[in-house]
Amino acid sequence: MKHSSGVKRAAAWLPLAAMVFASAGGCNKEAHHAPDVWAVVNGKEIKRDEVDKYYRTRVNPEGQEPSLEESLSQKLNVLDELINNEILLEKAKKLNLEASDGEVEDKFTELKSPYTEDEFQRRLKDQAMTVEDLKLELRRQLSIQKLLNREVVAKITITDQDVSDFYNANKAQFNVAEPQYRIAQIVVTPRKEPQVRNRKNDDATNEAEAQRKVKMLMDRLNSGADFAQLAMDYSEDMNTATTGGDLGYVPESALNQSDPSLKKMVVGMKPGQVSPVLQVKDGFRILKLVTRESPGQRGITDPQVQQTVRDTLRNRKEQLLRAAYLAIARDEARVSNYLANQVIEAAGKLPEAAKTAKPVKPFQP
């Protein structure tokens, strides 16, 4: 049985939208436009510099440089997503679903909170963005999500019969083959980390600091402090700090590949129990066993089975309805994709539009 490993991270500051849609039609050529206008949506221009800005966040600046054909193909994909977003944003505005200033500020504060002011400004600079650019993008994302929540998500219903049919067709998925342990962790290392994601921006840089830090953490845990909150404030593992240290469900076979002392500790713990400080090869761990699952077939009445099935069915229906909603919206829009026209007219030769802008590192809060 598959389990979620915690809240998914938000990808980057410039994800274009909360979802990625398949391309749809609607490309009409117009007689006159400026050379830097790559598309027009219901009279709204999308310019080359906007496409390049998003494109640069898709290319690894330290990886192999894409070919000119690959670069142009990716720019066409980015442009198509921008076209989709503009169509949906217009719909959100017409239905009075545009994000409010307060909603934008709340999301901005959430993104900024894990970073110092210097680090935050450096990341803005790395992406050639201003605070205003970021807030504009957040307003677009939030507005589109509000639109889809009302026009798509609100129309989804999952019946008991839907759940029963899915379970009966996928029973093997709910047969747990081996013991599984849901674990949370707090990580402390005796070295400076290149990136820290905890809320306090706290990082032990040597052995003495690490020893003092884990002692402080154990004192607070023994005094009744919440494990997840301490993990979010102090854990130095960038992958789990933001989710309260949650590692999700770990099969017993995976524990065999970990530090032997760690496996011994986990297997011997009771659900809800917090371990003493464990010293492993790369620093220190404090573990919490959230729950343990024994092997065997899970029945349809199991609350976790119910939640897994409903989430799966809801996600499937949501993706289908989103695609259908976008297809209808594209049919109703007036779209001119000049970049696509230029590629076709080049007849196999690379047009000026294929030149690659210098990539930048994507920011992942």
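These are numbered remarks on a predicted model of a single chain.

1. Overall content. The chain has 365 residues, and 41% of them count as buried. Its secondary structure amounts to 12 helices and nine strands. About 19,500 Å² of surface is accessible, and carbon and sulfur atoms account for 50% of that area. Taking contacts between residues at least 6 apart in sequence, 76% join residues at least 24 apart.

2. Salt bridge K91–E332. The whole structure contains 25 salt bridges. One of them pairs K91 with E332, with 3.3 Å between the closest N and O atoms. K91 belongs to helix α2 and E332 to helix α11 (residues 303-332), so this pair ties together parts 241 residues apart in sequence. The two partners fall into separate accessibility classes: K91 is partly exposed, at 24% relative accessible area, while E332 is exposed, at 55%.

3. Salt bridge D101–R139. The side chains of D101 and R139 also form a salt bridge, with an N to O distance of 2.8 Å. This pair links helix α3, which holds D101, to helix α5 (residues 131-151), which holds R139; the two residues are 38 apart along the chain. D101 is exposed, with a relative accessible area of 54%.

4. Salt bridge D162–K317. Here the side chains meet at 3.7 Å, N to O. D162 sits in helix α6 (residues 160-169) and K317 in helix α11, and 155 residues separate them in sequence. Both ends are described as partly exposed: D162 has 26% relative accessibility, and K317 has a relative accessible area of 32%. Elsewhere, R48, D52 and K75 are joined into one network by salt bridges that share partners.

5. Aromatic pair F108–F120. The structure holds two aromatic pairs. One of them is formed by F108 and F120 in an edge-to-face arrangement, with 5.6 Å from centre to centre and 85° between the planes. The pair connects helix α3, where F108 lies, with helix α4 (residues 117-126), where F120 lies; the residues are 12 apart. F108 is buried, at 8% relative accessible area, and F120 is buried as well, at 1%.

6. Charges over the same two rings. Each ring of this pair also has a lysine over it. The charged end of K112 sits over the ring of F120, 4.9 Å from the ring centre. K135 lies over the face of F108, at 4.7 Å from the centre of that ring.

7. Loop residue E236. E236 is placed in the loop between α8 (227-234) and β5 (246-251). Although it is a loop residue, E236 counts as buried, with 5% relative accessibility. The side chains of E236 and T189 are joined by a polar contact of 2.9 Å. Beyond residues up to four places away in sequence, E236 touches V187, V188, T189, R191, E193, N198, D202, D203, A204 and K213.

8. Loop residue S275. S275 lies in the loop between α10 (260-268) and β6 (278-280). S275 is buried, with a relative accessible area of 1%; the cut-off for that class is under 20%. Apart from neighbours within four places in sequence, the contacts of S275 are M218, M265, M269, I286 and L287. The C-alpha atom of S275 is 8.3 Å from that of L289, a residue 14 places away along the chain.

9. Positive phi at N42 and N96. Neither residue is a glycine, yet the backbone phi is positive at N42, about 50°, and at N96, about 55°. N42 falls in the loop between β1 (37-41) and β2 (44-47), whereas N96 is in the loop between α2 (68-94) and α3 (101-112). As for accessibility, N42 is partly exposed, with a relative accessible area of 26%, and N96 is exposed, at 69%. A colleague inspecting the backbone will find both asparagines in loops.

Notes. Residues are numbered from 1 along each chain as its sequence is written. This is a predicted model: local features need pLDDT of at least 70, side-chain atom pairs count only at pLDDT 80 or more; totals for chains, interfaces and linings use all residues. Side-chain values use heavy atoms; hydrogens and water are left out. Helices (H or I, at least four residues) and strands (E, at least two) are DSSP runs, numbered from the N terminus. Buried means under 20% relative accessible area, exposed over 50%, partly exposed in between (1.4 Å probe, protein chains only). Contact means heavy atoms within 4.5 Å. A polar contact is a pair of N or O atoms within 3.5 Å; within protein, one must be able to donate a hydrogen and the other to accept it, and residues adjacent in sequence count only if both atoms are side-chain atoms. Accessible areas come from the Shrake-Rupley method with a 1.4 Å probe; for residues, only the protein chains shown count as cover. A salt bridge is a side-chain nitrogen of Lys or Arg within 4 Å of a carboxyl oxygen of Asp or Glu. Rings of Phe, Tyr and Trp (its six-membered ring) pair if their centres lie within 6.5 Å; planes under 30 degrees apart count as stacked, over 60 as edge-to-face and the rest as tilted. A charge sits over a ring if NZ of Lys or CZ of Arg is within 6 Å of the ring centre and within 35 degrees of the ring normal.
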